[in-house]
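Welcome! Let's take a walk through this structure together, one pairing at a time.

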Amino acid sequence: MLNGFHHIAIQCKDIDKSIAFYTALGGTVYRTWGEGNSRACMIGFGKENYLELFANGAPDRPAD
């Protein structure tokens with residue numbers, strides 16, 4: 001039985017759109033760092049469960 005997770009990491013083609021999407025689902029921006037293609041963000045979903053987003057996803061990947 002899954003009771004939670006520490007964090008899941010996702011590389012994003014458009015980190016700003018991804019942040020907007022996951023915060024619209026109820027997440028809260030916990031921490032951000034880096035610039036440009038090195039940007040990253042941790043979004044909290046309660047009880048120390050985080051989604052970690054990284055910029056610079058491959059351009060040939062499908063949209064997030």
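A good place to start is Trp-33, whose bridge partner in E3 is Ala-40. Keep in mind as you look that this is a predicted model. The pair belongs to a longer match: E2 and E3 are joined by 5 bridges and pair in the antiparallel sense. Between these two strands of the hairpin lie 6 residues, and Gly-34 takes a positive phi near 80 degrees.

Now follow E3 itself, which covers residues 40–44. Is this strand mostly covered or mostly open? It is mostly covered, with 5 of its 5 residues buried. In a regular strand, side chains alternate between the two faces of the sheet. Here Ala-40, Met-42 and Gly-44 point one way from E3, while Cys-41 and Ile-43 point the other way, and all are buried.

From E3 we can step on to E4. These two strands run antiparallel and share 5 bridges, with Ala-40 standing opposite Phe-54 in E4. They too form a hairpin, this one with 5 residues between the strands, and Gly-46 in the turn has a positive phi of about 85 degrees.

Phe-54 also leads us onward, for Gln-11 stands opposite Phe-54 in E4. E1 and E4 (residues 50–54) run parallel and are joined by 5 bridges.

Put together, the strands make an open sheet of 4 strands in the order E1-E4-E3-E2, with mixed pairing. E1 (7–11) and E2 (28–33) stand at the edges, and each has a single partner strand, so one side of each is left without a neighbour in the sheet. From one strand to the next, the twist averages 20 degrees.

Key. Residues numbered from 1 in each chain as written. Predicted model: local features only at pLDDT ≥ 70, side-chain atom pairs only at ≥ 80, totals over all residues. Heavy atoms only, no water. Pairing = 2+ DSSP bridges. Axes fitted to C-alpha atoms, helices over the stretch in contact; angles between N-to-C directions. Buried < 20%, exposed > 50% of the residue type's maximum accessible area, 1.4 Å probe, protein only.
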